[in-house]
Amino acid sequence: MLRLLVIFLILPIYMFAQDTTTIKIFGDKIYESDANKQANIIIYNYEEIQALKPKDIYDLLEKIPGIDIKKYDFKNTTINIGGYVGDKAGLNNVVMINGRKITNPDMANPDLSFLSVDNIDRIEVYIGGGAVLFGDRATGGAINIVTKKPVRNSVNIKMKGGSYGTYDSYIEGVLASENYSFIINGNKFGTQGYRDNSEFYAGTINTEFSYFTDRFEITLDGKYSDQKYGLPGPLTESEINQYGRKYTKKPNDGGHDYNWSTGLKISYDTIKYGKIILDGEYRERYRDYYLWGSNSEDNLTAKLFSPQYQFIIKSKNYENTLQVGAELESYKLKTHSSWSSNDIERNIISYYFNDYIKFHDLFFNIGYRYADLNDDYNNGSSKDMSSSAYNIILGYNINSNNTIYIKTDKSFRFPTTDEINEFGGLNTSITKQETYSYEIGYKAFYKKYSFGTTLLRQLSNDEIFTNPTGVPAYNTNFDTEKTILNIDGQFDDKKLLVKVSYNFIDSKLTEDGYDNKDVPLVSKHNVKSTIGYRLKNGLGFYYYFSYYSSFYQGNDYKNEAKKMDGYGLSDLKLEFVKKNYELFIKVNNIFNKKYNDYVYYTSYNGEANYYPSPTRNLLGGITVKF
């Protein structure tokens, strides 16, 4: 039964996209043309992504303001938006490809290593609570990766190579006509990795076929990836001093994964009575790995179905965009290891509506979602829970270039299957996490300049943590509060490019016994900047800098252990671009900084466990277009 709340919500946005016509973003949930009237959103388009020349998608996300990437190794990476506790940060945001969730029901972070950067058309990042639009886990934000859409017949070939035996080859073919399009691309990636036993090898194939008319569109797509990798594990300080940063004490740990998916999307615009969108996907994940002396394997099957209805009214001084939809998620997870075997079935059904209203220069949003979860386990036990989300936004367009807004939001996160079904059995005490947000922001856009600032306050009831004592269970709920300030600015006159962002995150535990302690693995201060200069002859020079201030080690909830020093990283790139080909060389970490962006504390022996990050390394490549 839907329990309706009436609330107002507005969202303005910070975006870098150049063309803001009628493109839909975040899986048909927001119009890009209304982007400056939608919350704290950042969009990187294809040209900007290519200019960055990232090593992989995680390297690309690391350059985006408001995102912090923590890497255990090449395979396991956590995306942190909004200052959530480090080891579970990736469980507090939603990751999508073309508007479809790739979030897993267990604690496995969404794996983006199978997707080639060269297949990305744009990246959309929503910062702050967004469960009304994106559902379970969108407490910190949401990321949508939009893959290329066929435009004209073409063939693209790209080759990259660099340090640690890295190679990356990509080939793409496109057929396009007035009413249909077809794209197929393949990618082969390999690296020996910075550390011993940190190799990673992957092959991927992506296809998409679309047929469309003025009012009707049908798209069928498929993805496949195959990965083999090593897992080098952590090192103590004494082990690093004795054996070096590249050493591993786990030379046999590693695994073999493969994933495949197929999706179908149909949309029909009645013109007079609104638009209907039906979107579904089926995907499977297989993993076989050896870790900490045990063989494990699992098989995940996911079925997703998202029907949506849109009705739009536009006149000279009035606009109204109403969206009503449902999301049905069904997961079956079979796991087997040396110590246990489990079969888990999870079903989540959600209903939502979102209404954007604009009258003259005043605008606001109303949004609400209700979600119901049901878990069934092979031992006959089950766990059910439900939650709701809302948003209220009120904003004012001062003029065509300046917007102010205020926003309040409630979002939620259900515990993962691993957090409920622990080693000792069903965790009966753990419950859902609910987060309340309050935000105020200002955005300004000019031809060459853009500027944005937001101040966000988040209060989380029962945020889900790893229990530092392990008693009574391995996962528990703590209350937290966060104060976040984001400042972003850009100047771009097609020759000189300057981007600067500053993020302040004060993330505190407010639970009894941990009052006012800093949340581990969260840096309070973060600066990111890009300076580039492009000549008419095709030469371009770019300097990238990022800084993260000191942070407490993972698991150190009482802030008793040694605090890790902050660090700054610099990258330098030289490129030469012509119409049909492109060359580049990039030096990452040019000052050879030795740093560890993931460290965790072991309370029983007081030792820190480090995952050393790469020192100075090179990447170069060539692109040829036909």
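Helices (H or I, at least four residues) and strands (E, at least two) are DSSP runs, numbered from the N terminus. On that basis, R152 sits in the loop between β9 (141-147) and β10 (154-162). The model is a predicted one. The protein has five helices and 36 strands. Its radius of gyration is 24 Å, which agrees with the value near 25 Å for a compact globule of 626 residues.

**Overall dimensions and surface**

- The C-alpha trace spans about 70 × 60 × 40 Å along the principal axes of the protein.
- Of the 626 residues, 59% are buried.
- The exposed area of the protein is about 25600 Å². Carbon and sulfur atoms account for 57% of that area.
- Take the contacts between residues at least 6 apart in sequence: 64% of them join residues at least 24 apart.
- The protein carries 73 positive and 76 negative charges. The mean positions of these two sets lie 6 Å apart.

**The five-stranded open sheet**

- One open sheet of five strands runs in the order β3-β8-β9-β6-β7. Its pairing is mixed.
- The edges are β3 (41-45) and β7 (100-101), and each of these strands pairs on one side only.
- Strand β6 (residues 93-97) is antiparallel to β7, and two bridges join them.
- M96 has K101 of β7 as its bridge partner.
- As background, strands of a sheet pair through backbone hydrogen bonds, either parallel or antiparallel.

**The run from β10 to β12**

- β10 and strand β11 (residues 166-176) are antiparallel partners, with nine bridges.
- G162 is bridged to T166 in β11.
- The hairpin of β10 and β11 has three residues between the strands. In its turn, Y164 shows a positive phi of about 65 degrees.
- β11 also runs antiparallel to strand β12 (residues 180-191), through 10 bridges.
- Here Y167 has G190 of β12 as its bridge partner.
- β11 and β12 form a hairpin too, with three residues between them.

**The run from β18 to β20**

- Strand β18 (residues 318-337) pairs with strand β19 (residues 341-359) over 19 bridges, in the antiparallel sense.
- E329 is bridged to I348 in β19.
- Three residues form the hairpin connection from β18 to β19.
- β19 then pairs with strand β20 (residues 362-377), again antiparallel, over 16 bridges.
- N347 finds its bridge partner in β20, at N374.
- The hairpin of β19 and β20 has two residues between the strands. H360 in this hairpin takes a positive phi near 55 degrees.

**Residue R152**

- R152 has a relative accessible area of 61%, above the 50% cut-off, so it is exposed.
- Not counting residues up to four places away in sequence, R152 touches V174 and A176.
- F182 is 30 residues from R152 in sequence. Their C-alpha atoms are 9.8 Å apart in space.

**Residue E239**

- E239 belongs to helix α4 (residues 237-243).
- Its relative accessibility is 18%, under the 20% cut-off, so E239 counts as buried.
- Leaving out residues up to four places away in sequence, E239 touches P234, G244 and K249.

**Residue I585**

- I585 lies in strand β33 (residues 581-588).
- The relative accessible area of I585 is 44%, between the 20% and 50% cut-offs, so this residue is partly exposed.
- I585 touches L572, K573, L574, L619 and G620, with residues up to four places away in sequence not counted.
- G441 is 144 residues from I585 along the chain. The C-alpha atoms of the two are separated by 38 Å.

How values were computed:
Residues are numbered from 1 along each chain as its sequence is written. This is a predicted model: local features need pLDDT of at least 70, side-chain atom pairs count only at pLDDT 80 or more; totals for chains, interfaces and linings use all residues. Side-chain values use heavy atoms; hydrogens and water are left out. Two strands pair if DSSP finds at least two bridges between them. The radius of gyration is taken over C-alpha atoms; the globule rule is 2.2 Å times the number of residues to the power 0.38. Buried means under 20% relative accessible area, exposed over 50%, partly exposed in between (1.4 Å probe, protein chains only). Contact means heavy atoms within 4.5 Å. Accessible areas come from the Shrake-Rupley method with a 1.4 Å probe; for residues, only the protein chains shown count as cover. Lys and Arg count as positive and Asp and Glu as negative; His and the chain ends are not counted. The place of a charge is taken as NZ of Lys, CZ of Arg, CG of Asp or CD of Glu.
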